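Below are some notes on the fold, taken point by point, for comparison with the sequence and the coordinates. They begin with the chain as a whole and then turn to the sheet, the core and the aromatic pairs.

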Amino acid sequence: MSSTRSSINLSIIFLSLVNWILSKPKQRKTYDYTEFVCGRDYVFEPVDNMTKGYMTGYGKGIKCGDYIMLRNGSDSNLYQVEEIDYYSEPSDMWMALLVLVTII
């Protein structure tokens, strides 16, 4: 009987740990590209009146959910990375679909 209780307790502890890990907020980073020059350091192709866009750039560690800040004239736009694919060569080059979060 005690081994059954131990198995149940371990299962409950394991499931609780899994639920805690999955519910934990993910760390999102913001990457500032406002000092870079569009067309030279990166390429941004706007879609839907600048509310979305495809960006090709360099940088390691950028992932879905992260934010990228871009210069737009005298304003800055904050975009969230919706999709990202890294090139195989060079390995730090990527193409991403960005969605506008706010104009700063």
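1. Of the 104 residues in the chain, 26% are buried, and it should be kept in mind throughout that this is a predicted model. The exposed surface of the chain comes to about 7,500 Å², with carbon and sulfur atoms supplying 56% of it. Among contacts between residues at least 6 apart in sequence, 51% join residues that are at least 24 apart.

2. The chain contains one helix and six strands, and from the N terminus on the elements follow the order α-β-β-β-β-β-β. The six strands form an open sheet of mixed pairing, in the order β1-β4-β5-β6-β3-β2. β1 (30-32) and β2 stand at the edges with a single partner strand each, so one side of each has no neighbour in the sheet. Neighbouring strands of this sheet are turned against each other by 35 degrees on average, direction ignored.

3. Within the sheet, β4 and β5 run antiparallel and are joined by six bridges; they form a hairpin with two residues between them, and Gly73 in the turn has a positive phi of about 70 degrees. β5 is also antiparallel to β6, to which nine bridges join it, and the hairpin between β5 and β6 passes through six residues.

4. Which residues are the bridge partners of Leu78 in β5 and β6? Met69 has Leu78 in β5 as its bridge partner, while the partner of Leu78 in β6 is Thr102. Elsewhere in the sheet, Ile84 stands opposite Ala96 in β6.

5. The largest nonpolar core has 14 residues, of which Tyr33, Met55, Ile62, Ile68, Leu70, Trp94 and Leu98 touch the most other members. The elements that give two or more residues to this core are β4 (67-72), β5 (75-86) and β6 (93-103). As general background, nonpolar side chains in soluble globular proteins tend to be buried together.

6. Trp94 deserves a separate look. Leaving aside neighbours within four places in sequence, Trp94 is in contact with a set of residues that includes Tyr33, Met55, Ile62 and Ile68, and its contacts also include Ile84, Asp85, Tyr86 and Tyr87. Glycines appear among the contacts of Trp94 as well, including Gly57 and Gly59.

7. The structure holds four aromatic pairs. The rings of Tyr33 and Phe36 have their centres 5.0 Å apart and their planes at 40 degrees, so this pair is tilted, given that stacked pairs lie under 30 degrees and edge-to-face pairs over 60. Tyr33 is buried, with a relative accessible area of 6%, whereas Phe36, at 41% relative accessibility, counts as partly exposed. Phe44 and Tyr79 also form a tilted aromatic pair, with 5.2 Å from centre to centre and 50 degrees between the planes. That pair links distant parts of the chain, as Phe44 lies in strand β2 (residues 43-47) and Tyr79 in strand β5, 35 residues apart.

8. Are Phe44 and Tyr79 buried or exposed? Phe44 is buried, with a relative accessible area of 13%, and Tyr79 counts as buried at 1% relative accessibility; the cut-off for burial is under 20%, so both values qualify.

9. Finally, ring pairs link Tyr33, Phe36, Tyr42 and Trp94 into a cluster. Tyr33 and Trp94 in this cluster are also among the residues that touch the most other members of the largest nonpolar core.

Terms used: Residues numbered from 1 in each chain as written. Predicted model: local features only at pLDDT ≥ 70, side-chain atom pairs only at ≥ 80, totals over all residues. Heavy atoms only, no water. Core = buried A, V, L, I, M, F, W, Y, C linked by side-chain atoms within 4.5 Å. Buried < 20%, exposed > 50% of the residue type's maximum accessible area, 1.4 Å probe, protein only. Helix = DSSP H or I, 4+ residues; strand = E, 2+ residues; numbered from the N terminus. Contact = heavy atoms within 4.5 Å. Phe/Tyr/Trp six-rings, centres within 6.5 Å; stacked < 30°, edge-to-face > 60°. Pairing = 2+ DSSP bridges. Axes fitted to C-alpha atoms, helices over the stretch in contact; angles between N-to-C directions. Areas by Shrake-Rupley, 256 points an atom, 1.4 Å probe, with all protein chains shown as cover.
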